[in-house]
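Work through the exercises below with the sequence and the 3D structure open beside you. Try each task on your own before you read its solution.

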Amino acid sequence: ASLNGGIQADFSEQTMKFDFKTKIDDSNFAVSLGLKNFSQPAYTFDIGVNTLDLDRYLATDYAKRLQDDALPFDFSALKNMNLHGKFRSNAFKLAKLATSNFYSEIKADQSTLLIEPISARLYNGTTTGSLGITTGDSNTITLKQKLNGVQLDTLLADFIPGEARLKGKGNLTLDLSASGENMGTIRKTLSGSANLAQIGRA
């Protein structure tokens with residue numbers, strides 16, 4: 001990996017900014033990081049990358065680990081975090097979900113993490129929505145997502161191996177929430193709606 005950039009700092013105003021470009025494997029990053037107020041830091045970031053496959057860097061058994069009911073769902077670090085930023089990628093992949101034109105805005109403040117919007121092109125369609133996490137007496141997670149005009153057989157083949165039962169394009173709307181301290185309670189409290197509508201055949 002190589003890194004080129006520079007740092008600007010104003011100690012009287014208690015601000016710092018670090019802009020740099022770097023390449024890691026096939027990914028070319030352009031990054032801007034900011035910091036304001038050294039005693040109670042507020043962080044900003046803007047990250048752009050041509051292509052990023054996060055599955056490449058995750059443990060091969062991470063999906064199996066998520067099935068462990070005892071795995072903690074701990075976001076207590078959010079309580080003292082003040083962060084706001086943007087992330088974009090021409091090609092982004094996570095959990096087998098391959099997207100293009102991915103864009104998200106992330107805000108963490110006062111025990112709440114909100115990623116909104118989450119937008120991208122995927123499976124010949126589009127998606128937009130949000131993901132929220134709130135910490136407190138019980139951690140809560142919410143997911144709202146609308147997938148429009150996606151190729152159903154391709155999507156299902158990636159997540160449910162075997163012959164696809166649905167062909168053509170469709171719309172999928174998710175509105176889900178759950179709460180708990182570990183993955184077991186998260187699964188038990190999962191509720192909401194998932195609506196799928198077929199709109200055409202290939």
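The exercises that follow concern a predicted model, and each solution goes step by step.

**Exercise 1**

Task: Find S27, state in which strand S27 is found, decide whether S27 is buried or exposed, and describe what its side chain reaches.

Solution: Begin with the position along the chain, where S27 is found in strand β3, which covers residues 27–36. Next, take the relative accessible area of S27, which is 4%; because buried means under 20%, S27 counts as buried. Then follow the side chain of S27, which reaches the backbone oxygen of T51 at a distance of 2.5 Å. Finally, set aside the neighbours of S27 within four places in sequence, and the residues in contact with S27 are T22, V49, N50, T51 and L52.

**Exercise 2**

Task: For D25 and N37, determine the sign of phi, the place in the chain and the degree of exposure.

Solution: Start with the general expectation, which is that most residues other than glycine have a negative phi. D25 has a phi near 55 degrees, a positive value in a residue that is not glycine, and D25 lies in the loop between β2 (15–24) and β3. Its relative accessibility is 39%, and since partly exposed covers the range between 20% and 50%, D25 counts as partly exposed. Now repeat the steps for N37, which is not a glycine either and has a positive phi of about 70 degrees. N37 is found in the loop between β3 and β4 (42–53), and with a relative accessibility of 27% N37 counts as partly exposed.

**Exercise 3**

Task: Identify the form of the peptide bond from E116 to P117, and name the strand that holds P117.

Solution: Recall that most peptide bonds are trans. Then look at omega for the bond from E116 to P117, which is near 0 degrees, and the bond is cis. As a last step, locate P117, whose place is in strand β7, residues 112–122.

**Exercise 4**

Task: Describe how β9 pairs with β8 and with β10, and give a pair of partners for each pairing.

Solution: Take β8 (residues 125–134) and β9 (residues 140–151), which run antiparallel and are joined by 9 bridges. These strands, β8 and β9, form a hairpin with 5 residues between them, and the bridge partner of L131 in β9 is L143. Then turn to β10 (residues 169–179), which pairs with β9 in the antiparallel sense over 10 bridges; here V150 stands opposite G170 in β10.

Notes
Residues are numbered from 1 along each chain as its sequence is written. This is a predicted model: local features need pLDDT of at least 70, side-chain atom pairs count only at pLDDT 80 or more; totals for chains, interfaces and linings use all residues. Side-chain values use heavy atoms; hydrogens and water are left out. Helices (H or I, at least four residues) and strands (E, at least two) are DSSP runs, numbered from the N terminus. Buried means under 20% relative accessible area, exposed over 50%, partly exposed in between (1.4 Å probe, protein chains only). A polar contact is a pair of N or O atoms within 3.5 Å; within protein, one must be able to donate a hydrogen and the other to accept it, and residues adjacent in sequence count only if both atoms are side-chain atoms. Contact means heavy atoms within 4.5 Å. Two strands pair if DSSP finds at least two bridges between them.
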